[in-house]
Each structure stands twice: as structure tokens, then as C-alpha cells.
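Hello,

Here is the structure I promised to pass on to you. Have a look at it first, and then read my notes below.

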Amino acid sequence: MSVSSAISEFKINLPPHVTLIAVSKTKPNELILDAYQGGQRDFGENKVQELVPKFESLPRDIRWHLIGHLQSNKVKYIAPFVYMIHSIDSIKLLKEVNKQALKCERVIPVLLQIFIAQEETKFGFSFEEARAVIIAYNNKTFPGIRIDGIMGMATNTHDMNQVRNEFSSLRLFTEEIQTSNPEMKVISMGMSSDWQIAVEEGSTMIRIGSTLFGSR
Ligand SMILES: *Cc1c(COP(=O)(O)O)cnc(C)c1O
């Protein structure tokens with residue numbers, strides 16, 4: 001099956017308020033173009049060194065989402081064009097994105113990555129740390145960024161109750177931060193293995209790779 005038909009089929013079961021990000025990491029331009037020709041515009045990549053050449057050779061109206069851990073020294077390569085950075089996981093990175101955005105005279109939409117999983121390998125803020133970042137942001141310390149919401153990854157487990165609880169905690173946190181900033185509406189949660197639960201728990205953006213493009 002082509003990627004574009006996989007996407008059409010996938011979208012049949014997706015509520016219209018949920019944005020589908022097609023995660024194209026490690027996949028060649030031909031497959032991305034196939035999806036593009038079928039109407040897909042939001043694509044997710046996790047590495048700067050892969051994203052930049054794809055941006056340069058693919059249609060300019062693609063909305064590129066950076067979803068993987070981002071090193072501060074690489075922000076400058078994507079700041080001119082990135083549509084949204086989902087993986088803000090430190091104050092240092094947030095400040096660098098702010099700085100590079102101002103250099104490009106733009107405001108970059110970002111999400112705060114929240115660490116919810118019972119795993120040591122995943123990046124992100126605790127809820128407590130994220131609250132502090134949002135207070136600073138609400139006080140207008142970062143004119144080059146716009147925090148649109150949060151992103152999180154659930155534990156890689158077969159225990160779907162745990163996954164559901166983790167997603168639910170992200171939604172509750174979003175409701176909390178919306179009381180001080182109603183603009184923070186995006187909840188980026190859900191991948192191929194757990195997106196249905198994520199959507200049931202309030203996800204507004206899902207990041208789907210292998211289900212659309214095949215395994216990596
Ligand atoms: C790779 C990746 C995805 C997509 O994973 P699949 O299981 O292939 O759907 C989603 N989010 C992030 C952060 C990723 O790195």
C-alpha cells in the first residue's frame with residue numbers, strides 16, 4: 001500500500017480535531033512526496049541533520065515538526081523554517097530557541113516536553129519544572145517563542161492502564177496551565193502503538209511513523 005493510501009485509511013478513524021503528524025524519520029523523500037501528493041502537510045523528524053536536507057529538497061509548504069531531542073548548538077539550522085518544536089526539554093534549549101527565533105525575526109511555536117514515563121531514557125520537564133517555565137513565559141521573558149502546549153511520551157509497556165494514566169495526567173496538567181494561559185491548547189501525545197488511548201484521553205496531535213511508512 002502507498003503511504004498516501006495508508007494515511008487516507010488511517011484518517012477514517014481519526015476525529016477531525018486531532019492533527020496527524022506523519023513521522024518520516026529515516027524514510028526517503030519519495031515516500032514523503034507520495035504522502036504530500038495525497039494532501040499530507042505535517043511531517044515529523046527527530047534529527048536536525050536529517051531534517052535540513054529534507055526541508056531543502058521538498059516542497060516549501062510542508063510543515064516540519066521537530067519531535068526528537070534537540071541540542072542547543074543545532075537550533076540555528078532549523079530556526080528559519082521549523083513549524084513547531086515539540087521537544088523543548090530544558091531552559092537552556094528554550095532560551096536558545098528564543099534567541100535564534102529573534103535573529104530570524106520570527107516567533108517559533110513550541111511545546112514543552114513533559115517527562116511522564118517510568119523510564120530513564122526519555123527527556124523532559126517534570127510538571128513542577130514546567131510550571132516554573134510557564135510562569136516565566138507568562139511574564140514575557142521569551143518574545144521569540146510561543147508555547148502552544150505540551151508533548152509527552154508514555155512508558156513503552158503492555159500495561160495499557162499505565163499508558164492511559166500517563167496520558168490522562170498530561171491532559172489534567174494542560175487544563176491546569178490553561179487557567180493562566182488559555183492559548184496553550186496543544187497536547188501532542190500518541191504514537192503508532194498507543195494513539196487510540198491518547199486520543200481518548202484528549203490528545204490534539206498524534207505523531208505516527210511506522211503505521212504509515214512501515215517499520216524502520
Ligand atoms: C519515532 C517517533 C514517533 C513515531 O513512532 P511510531 O511508533 O513509528 O509511530 C513519535 N514520536 C517521537 C518523539 C518519535 O521519535
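Let me begin with Phe173, which counts as buried because its relative accessibility is 3%. Please keep in mind throughout that this is a predicted model.

Phe173 has an aromatic partner. Its ring centre lies 4.8 Å from that of Phe127, and with the planes at 40 degrees the pair is tilted. Phe127 belongs to helix H6 (residues 127-138) and Phe173 to helix H7, so the pair ties together parts that are 46 residues apart in sequence. The partner is less hidden from the outside: Phe127 has a relative accessibility of 24% and therefore counts as partly exposed, since buried would require under 20%.

How many aromatic pairs are there by the ring-centre rule? The count comes to four. Another of them is formed by Phe10 and Trp195, again tilted, at 4.6 Å centre to centre and 50 degrees between the planes. This pair links distant parts of the chain, with Phe10 in helix H1 and Trp195 in helix H8 (residues 195-200), 185 residues apart. Both of its members are buried: Phe10 has a relative accessible area of 8%, and Trp195 comes to 9%.

Helix H1 is also worth a look for its packing. The axes of H1 (residues 3-12) and H2 (residues 29-37) approach within 7 Å and cross at roughly 45 degrees, so the two helices are oblique to each other. The crossing is right-handed. On the H1 side, the contact is made by Val3, Ser4 and Ile7, and on the H2 side by Leu31, Asp34 and Ala35. Sorted by class, that contact of H1 with H2 has four nonpolar residues, one polar and one charged.

H2 turns up again when you look at helix H3 (residues 48-57). The buried residues of H3 are Val48, Glu50, Leu51, Val52, Lys54 and Phe55, a list you may like to check for Glu50 and Lys54 in particular. What do the buried residues of H3 pack against? Their neighbours are H2, strand S2 (42-45), strand S3 (63-66) and helix H4 (75-78).

Finally, a residue at the surface. His158 sits in the loop between strand S6 (145-152) and helix H7 (160-178), and its relative accessibility of 81% is why it counts as exposed. The C-alpha atoms of His158 and Val82 are separated by 34 Å, with their positions 76 residues apart along the chain.

Enjoy exploring it!

Best wishes

Definitions and conventions. Residues numbered from 1 in each chain as written. Predicted model: local features only at pLDDT ≥ 70, side-chain atom pairs only at ≥ 80, totals over all residues. Heavy atoms only, no water. Axes fitted to C-alpha atoms, helices over the stretch in contact; angles between N-to-C directions. Helix = DSSP H or I, 4+ residues; strand = E, 2+ residues; numbered from the N terminus. Parallel < 35°, antiparallel > 145°, perpendicular 65-115°, else oblique. Left-handed = near helix turned anticlockwise from the far one by under 90°. Contact = heavy atoms within 4.5 Å. Nonpolar A, V, L, I, M, F, W, Y, C, P; charged D, E, K, R; others polar. Buried < 20%, exposed > 50% of the residue type's maximum accessible area, 1.4 Å probe, protein only. Phe/Tyr/Trp six-rings, centres within 6.5 Å; stacked < 30°, edge-to-face > 60°.
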